[in-house]
Amino acid sequence: MSAGNTTVERALAAALYAETDAGLDTGASLLAADPSSDTELALRGQELITGAWERGWQPADVIRMVRRELAEPHVRLAGELVRVQLGRYEQLPPRWREQVEALEEPSGRAEDRFTRATAVLELYRLLLRLPAIEPVGPVPGATVHAPPPHGEPKALTRIRALLVKAERTEFPDEAEALSAKAQELMALHSIDEAVLAAGGRRADGPGACRIGVDAPYETSKAILLDAVASANHCRAVWNGDLGFSTVVGFEPDLEAVELLYTSLLVQGTAAMTRAEAAQRAGGRKRTKTFRQSFLLAYAHRLGDLLAATARDVSSAASAADDTLLPVLATRAVAVADRADEMFPRTVRTRVRGAWDEAGWQDGVAAADRAHRAPGRGALPPTA
C-alpha cells in the first residue's frame with residue numbers, strides 16, 4: 001500500500017509497518033477523529049482479505065490465526081470482513097460455505113472510535129503479514145467442474161452419530177465400542193468410494209484440507225491427527241508455526257478424518273481430565289508433565305489401533321473381491337504423489353519433553369478404551 005494524503009492512507013502508513021504501539025496510537029487517533037474515513041478503511045480491509053485468499057488462506061484459517069494472535073474483538077472484526085467480502089459471490093466452494101456458516105454472529109456491542117480503530121489496525125497488520133501457504137482447493141470465483149454432492153452421505157451421517165454418542169457416554173466400554181464401529185464404517189465407506197471411482201462413477205483426484213492443531217500440547221494433537229489420517233488413507237503435514245496440519249487425501253476420506261480426529265480429541269481430553277483428577281485424589285500432584293505424557297501416549301497408541309482396524313476391513317474386503325487391492329494401491333500412490341507435490345521438503349522431528357510414567361500408562365489405557373488393537377504411531381512430517 002502506497003502512502004498518500006487521505007486519513008486512511010496516513011493511518012495505515014503509521015500503523016501497519018510499525019513495531020511499536022506508538023504507530024498504532026497515531027493511526028487510531030487519525031481514524032477516530034475522521035468518521036468520513038470509515039468507508040475507505042473498510043475497503044482496505046476487503047483488499048487485505050482478498051490478498052489472504054490469493055496467498056492460500058481460507059476463512060477458517062484466517063479466523064484461527066486471528067484468535068491465536070489477537071483477541072475476540074479482532075475475531076469479530078475479521079468475521080465481518082469475511083462475510084462482506086464473500087457475500088459478493090453467488091457460489092462458494094463447499095468448504096468455504098461451511099466455514100462462513102460457522103462464523104460467529106456480530107455482537108452489536110458499542111465501542112468508542114479510538115478502541116475500534118486500534119483493533120482494526122491491529123487486525124490489518126496481521127492480515128498484511130500472513131505468509132503464502134499451500135492452497136488446498138479452489139478460491140471463490142474459480143470454475144469448479146464437479147458440482148458438490150447434495151447432502152451428506154448416509155455413511156458419514158451414521159459415523160457422526162456414533163462419535164457423538166461416544167463423546168457423551170459416561171461408560172468407557174461403550175465409548176470404545178462406538179469409536180471402533182465408527183472407524184470400521186469409515187474404512188468401509190472409503191472402500192465403497194474407491195470402487196465407485198474405479199468404475200468411472202467418480203472423477204475426483206486427491207484433495208486437501210487444513211485442520212487446526214492448537215496449543216496446548218499441540219505436538220500430541222498433531223501426532224493424533226497424523227494417526228487418524230494414516231489409518232484413513234490420507235497424509236498429514238503439520239505446520240507448528242501456523243497452528244494447523246494439512247491433510248491430503250480423497251474427499252470422502254478427508255471428511256472422515258475431520259470427524260474422527262475431532263471426536264477422539266474430545267474423548268482424549270475428557271479422559272485426561274478424569275485421570276488427572278484420580279491422581280490428585282490419590283495424593284499425587286500432577287502437572288503439565290502428566291498431561292503431556294498422557295496425550296502423547298494416547299496419540300501413539302491410537303495410531304496402531306486405528307490402523308489395525310483399517311487393515312482388517314481392507315483385508316476382508318480384498319479377500320472377497322480380488323480386484324480391490326490394485327484400486328486401493330492406486331489411490332494410495334495418488335495421495336502420496338499429491339502430498340509430495342504440495343510439500344516437497346518435509347522433515348520428521350523427534351518429540352522432546354518431560355516424561356511422566358503414570359501419565360503415559362493412563363494415556364495408553366484411555367486409547368485402548370477409545371478403540372481396539374495394539375500399536376504405535378509416529379510424529380507427522382512438518383512443512
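**Internal space, a buried strand and two one-sided helices**

In this predicted model, the largest cavity is lined by Ser220, Lys221, Leu224, Leu265, Leu295, Tyr298 and Ala299. The space inside this cavity comes to about 30 Å³, and the structure holds 1 cavity of 30 Å³ or more. Two helices, α10 (218–231) and α12 (288–320), each contribute at least two residues to the lining of the largest cavity. Sorted by class, that lining consists of 5 nonpolar, 1 polar and 1 charged residues. Lys221 is among the lining residues. Rolling a probe the size of a water molecule over the atoms reveals where empty space is left.

Pockets come next. The second largest pocket has a volume of about 660 Å³. Its lining is made up of 30 residues, of which Ala60, Asp61, Ile63, Arg64 and Arg67 lie closest to the pocket centre. Four elements, namely α4 (59–69), α5 (72–86), α6 (94–101) and β1 (207–212), each supply at least two residues of this lining. The greatest share comes from α4, with 6 residues. The class composition of the lining of the second largest pocket is 10 nonpolar, 6 polar and 14 charged residues.

Strand β1 leads on from the pocket to the sheet pairing, since β1 is one of the elements that line the second largest pocket and also pairs with β3 in the antiparallel sense, over 6 bridges. Within this pairing, alanine 208 has valine 248 of β3 as its bridge partner. Strand β2 (residues 235–239) pairs with β3 as well, again in the antiparallel sense, over 5 bridges. Here tryptophan 238 is matched with serine 245 of β3 as its bridge partner. The hairpin of β2 and β3 has 4 residues between the strands, and glycine 243 in this hairpin adopts a positive phi near 75°.

The burial of β3 itself deserves a closer look. Strand β3 spans residues 244–249, and 6 of its 6 residues are buried, so the strand is largely enclosed by the rest of the structure. Phe244, Thr246 and Val248 point one way from β3, while Ser245, Val247 and Gly249 point the other way, and all are buried. The bridge partners named above can be placed on this pattern: Val248, the partner of alanine 208, and Ser245, the partner of tryptophan 238, point opposite ways from β3.

Two helices show how burial can be arranged on one side. Helix α2 (residues 21–32) contains 12 residues and reaches 16 Å from its first C-alpha to its last, close to the 16 Å expected at 1.5 Å a residue. Its buried residues include Gly23, Leu24, Gly27, Ala28 and Leu31. Viewed down the axis of α2, the buried residues fall within an arc of 125°, so they line one face of the helix. An α-helix has 3.6 residues a turn, so residues three or four places apart point the same way.

Helix α13 (residues 324–342) has 19 residues and reaches 27 Å between its first and last C-alpha, close to the 27 Å expected at 1.5 Å a residue. In α13, the buried residues are Leu324, Val327, Leu328, Arg331, Val335, Ala339 and Met342. Seen down the axis of α13, these buried residues fall within an arc of 105°, so they too line one face of their helix. The face of α13 turned away from this buried side carries exposed Leu325, Thr330 and Glu341.

Definitions and conventions:
Residues numbered from 1 in each chain as written. Predicted model: local features only at pLDDT ≥ 70, side-chain atom pairs only at ≥ 80, totals over all residues. Heavy atoms only, no water. 1 Å grid on protein atoms, 1.4 Å probe; cavity = no way out; pocket = protein on both sides within 12 Å on 5 of 7 lines; lining within 4 Å. Points joined across faces, edges and corners; volume = space filled by probe spheres on them. Nonpolar A, V, L, I, M, F, W, Y, C, P; charged D, E, K, R; others polar. Buried < 20%, exposed > 50% of the residue type's maximum accessible area, 1.4 Å probe, protein only. Pairing = 2+ DSSP bridges. Expected span 1.5 Å × (residues − 1). Arc of directions from axis to C-beta.
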